[in-house]
Amino acid sequence: MTAATLLDDATALGDTLVALRRAIHAEPELGLMTPATRDKVRAALADLPIDWREGPSTTGLVGLLRGRGASQGLRRTVLLRGDMDALPMPEQTGLPYASKVPGAMHACGHDAHTAMLVGAARLLAGRADRLAGDVVLMFQPGEEGHHGARFMIDDGLIDGGTGVWPDAAFALHVMPNAPHGQVAGRAGALLASADQIDIVVTGAGGHASMPHDAADPVPVACEIVTAIQTMVTRQFNAHDPVVVTIAKITAGTTHNVIPDSANMKGTMRSLSPANREKLRHALTQLAQGIAAAHGLSASVTITPGFPVTLCNPPAVDFGARVTQDLFGPEVFHRLPAPIMGAEDFAYVLERCPGAMFFLGMAPEGDDWAQCCGIHSPRMMIDETVMPRGAALLTGLAMRFLDKGFT
Ligand SMILES: [Zn+2]
């Protein structure tokens, strides 16, 4: 495989990828059930010798593409992932192929991820004679907080119920406000864990003019909010950061009634499994301790979200080399710091080494820093970068099957 041939072949697929991406974009689906998107993927790849696995918990789709190339000893399997779901938000791009579904938009680029993975599947199938192992194509719904990857793993779709995992896994995420066609990655923590916090402070309501006859939960809730920030800076190492945000507080009904309880909702982010666990305990102790100090009680519920997205250092170095070989020496960038967003590809990377890379999709010539980011109702991508994404996924898979992370 020469880099030029692969890029040429990917570029030749450009119109097909754009058409597929626009069809998915116009018909966004939310959550764990994305049947129309799944059907578009199946139709786009129907002519290829791919074994498909589906169900039962989601519309997630796994395709197994078997390589026919000679392997030197170890025969490897590599997983490539594209997510399929959209966001519950209205679209304001004004594009001719904008969402036709009110209140739903592909504002995180998953339409492009799906199209690029379809492109990679076709490029890989055309090279099956030279593939020294098998490729697992993971088309997953429910990335936007619905744990789609975890459901697919629990359904046995990835390993076919064998318990044998792929030897490596890769995914791309488009970044509409990053330089055109550039690729970025980071060894170690790339994205944070994200868990939901619900705190209820329970006291006893009464007349607002006689607080001594009541047990007012409002000042206790306020004290918990500020104490959380002290806890973050005093109990956690500044070099392994955590973020805790209380984003919603509700209590009371009117000016002169002390309520029985106060409710708080928030999110907690961390970059290491150890801090994630520590945060869970520290937060619970803090809220309950402050409430108890005032003679009230607090219940703390932490609903686990996505784990930390940890990229394997050799896999990131490998991705850098594949990127440079395909697109030139200036294209790969190492991110100086993780991003406190979260991603459910983390569930895959908990089970096998691999990496996620970001692909810059700001329109060529535009000031990328001014482009709308993901989750913006005006987010747009430069579709001419999609063949590059398909080529990169293909290059990662082919080279890994051939030589591992070397
Ligand atoms: Zn996303």
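This passage walks through a metal site, some empty spaces, a few helices and some unusual backbone spots in one protein structure. The model is a predicted one, and that is worth keeping in mind throughout.

The zinc ion makes a handy starting point. Its protein donors are Cys108, through SG, and His110 and His173, each through NE2. These atoms sit 2.2 to 2.3 Å from the zinc ion. Read along the chain, the donors of the zinc ion fit the spacing C-x1-H-x62-H. His110 and His173 tie together distant parts of the chain: His110 belongs to helix α4, His173 belongs to strand β5 (residues 168-175), and 63 residues separate the pair. Both of these histidines are buried.

Helix α4, home of His110, turns out to be well tucked away. Of its 16 residues, 15 are buried, so the helix counts as mostly covered. From first C-alpha to last, α4 reaches 22 Å, which is close to the 22 Å expected at 1.5 Å a residue.

The same helix turns up again beside an enclosed space. The structure has one cavity of 30 Å³ or more, and the largest cavity holds about 30 Å³ of space. Its lining is made by Arg81, His113, Met116, Leu117, Leu172 and Leu393. Helix α4 (residues 110-125) gives the most to this lining, with three residues. Sorted by class, the lining of the largest cavity has four nonpolar residues, one polar and one charged.

Then there is the open kind of space. The largest pocket contains about 570 Å³. It is lined by 26 residues, and the closest to its centre are Glu144, Arg269, Phe306, Ala342 and Glu343. Four strands each give two or more residues to the lining of this pocket: β5, β8 (193-202), β12 (261-270) and β16 (354-360). Strand β5 is also the one that carries the zinc donor His173. As for chemistry, the lining of the largest pocket splits into 11 nonpolar, 10 polar and five charged residues.

What about the cysteines? The structure holds zero disulfides. A disulfide is a covalent bond between the sulfur atoms of two cysteines. For Cys372, the closest cysteine sulfur is the one in Cys371, but the two sulfurs are 7.5 Å apart, and that is too far for a bond because a disulfide needs them within 2.5 Å. Cys372 counts as partly exposed, since its relative accessibility is 28%. Cys222 also counts as partly exposed, in this case because its relative accessibility is 44%.

Two other helices deserve a look. Helix α8 (residues 313-327) has 15 residues and reaches 21 Å from its first C-alpha to its last, close to the 21 Å expected at 1.5 Å a residue. Its buried residues include Ala315, Val316, Phe318, Gly319 and Ala320. Further along α8, Val322, Thr323, Leu326 and Phe327 are buried too. Right after the helix comes Gly328, with a positive phi near 110 degrees. Helix α6 (residues 217-235), meanwhile, is the place of Val232. Val232 has a relative accessible area of 13%, and therefore counts as buried. Val232 and Val242 are 10 residues apart in sequence, with their C-alpha atoms 6.8 Å apart in space.

Finally, the backbone does a few curious things in the loops. The peptide bond running from Gly55 to Pro56 is cis, with omega near -5 degrees. Pro56 lies in the loop between β1 (50-54) and β2 (61-66). Two histidines also catch the eye, as each is a residue other than glycine with a positive phi. For His147, phi is near 60 degrees, and this residue is placed in the loop between β4 (133-140) and α5 (148-154). For His375, phi is near 75 degrees, and its loop is the one between β16 and α10 (386-403).

Are these two histidines buried or exposed, or something in between? His147 is buried because its relative accessible area is 12%, under the 20% cut-off. His375 counts as partly exposed, because its relative accessibility is 38%.

Terms used:
Residues numbered from 1 in each chain as written. Predicted model: local features only at pLDDT ≥ 70, side-chain atom pairs only at ≥ 80, totals over all residues. Heavy atoms only, no water. Buried < 20%, exposed > 50% of the residue type's maximum accessible area, 1.4 Å probe, protein only. 1 Å grid on protein atoms, 1.4 Å probe; cavity = no way out; pocket = protein on both sides within 12 Å on 5 of 7 lines; lining within 4 Å. Points joined across faces, edges and corners; volume = space filled by probe spheres on them. Nonpolar A, V, L, I, M, F, W, Y, C, P; charged D, E, K, R; others polar. Donors = N, O, S within 2.8 Å, 3.2 Å for Na, K, Ca; no water. Expected span 1.5 Å × (residues − 1).
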